[in-house]
Amino acid sequence: LVAPELFGWAHEALFAGGFQETSRPTAALLITVDRFGKVNQRLGARAGDQVLKAVARFAAKLATAQCETSLATRIAGSEFLILANEATAEELTALGELIRQSFEAAGFSYQGTDLSLSLTMSVIAISADASLNDVISRLNAVKEVAFRAGRNCSARWENGSAVLAFPPVIPAQGKLIIIDAAAA
């Protein structure tokens with residue numbers, strides 16, 4: 001997994017060169033921080049950057065505990081992409097749901113201001129001949145289904161269309177994450 005401070009690298013290069021040809025990613029997970037613009041409006045863009053770094057660290061910690069061979073990058077604004085090697089879409093959906101439910105149970109605090117963040121998860125299986133543009137396009141189609149369902153949920157590409165995923169409730173432990181304001 002790429003360290004959170006490295007999010008933002010050219011994701012095309014990561015997709016093309018981050019995996020050996022024999023171990024190309026088999027599934028992708030798009031993590032979208034729901035309504036993140038409101039965080040920037042409330043706290044300012046510099047604080048929002050610190051919140052995104054905290055989100056990345058927390059998600060990376062959860063992902064590395066569950067998925068050994070993966071690569072993560074921040075692809076735009078408040079969106080992160082995890083490419084998993086040797087994982088099925090079902091396995092990555094379960095990982096995404098673990099991350100989503102853990103965020104739902106967590107509280108965030110920035111300089112005494114409490115935040116609650118939710119995530120929308122979009123998952124697809126990746127075919128051997130897929131380009132990064134194909135992957136992103138399909139993930140965005142899946143994300144739109146989740147957004148129409150109200151956000152803070154998981155969806156995946158299944159049998160040629162995007163569908164909501166209804167994984168079981170995962171016991172997520174509540175946690176308070178203090179966001180470091182010194183770097184803002």
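How many of the 7 residues of strand S6 (residues 119-125) are buried? In this predicted model, 6 of the 7 are buried, so strand S6 is largely enclosed by the rest of the structure.

Two strands pair with S6. Strand S1 (residues 27-33) and S6 run in the antiparallel sense and are paired over 7 bridges, with Ala-28 standing opposite Ile-124 of S6. Strand S7 (residues 154-158), by contrast, runs parallel to S6 and is joined to S6 by 3 bridges, and within this pairing Val-123 has Arg-156 of S7 as its bridge partner. Between S6 and S7 the chain passes through H5, and the resulting β-α-β crossover is left-handed.

The connecting helix H5 (residues 132-148) comprises 17 residues, which at 1.5 Å a residue should span 24 Å, and the separation of 24 Å between its end C-alpha atoms agrees with this expectation. The buried residues of H5 include Leu-132, Val-135, Ile-136, Leu-139 and Val-142, and the charged side chains of Arg-138 and Lys-143 belong to residues that are likewise buried. An α-helix has 3.6 residues a turn, so residues three or four places apart point the same way. After H5 comes Gly-150, for which phi is positive, near 110°.

A further buried position lies in helix H4 (residues 89-105), which contains Glu-97. Glu-97 has a relative accessible area of 3%, and therefore counts as buried, the cut-off being under 20%. The side chain of Glu-97 makes a polar contact with the side chain of Gln-101, at 2.7 Å.

Key:
Residues numbered from 1 in each chain as written. Predicted model: local features only at pLDDT ≥ 70, side-chain atom pairs only at ≥ 80, totals over all residues. Heavy atoms only, no water. Helix = DSSP H or I, 4+ residues; strand = E, 2+ residues; numbered from the N terminus. Expected span 1.5 Å × (residues − 1). Buried < 20%, exposed > 50% of the residue type's maximum accessible area, 1.4 Å probe, protein only. Polar contact = N/O pair within 3.5 Å; in protein donor to acceptor, adjacent residues only side chain to side chain. Pairing = 2+ DSSP bridges. Right-handed = clockwise from strand over helix to strand, strands pointing away.
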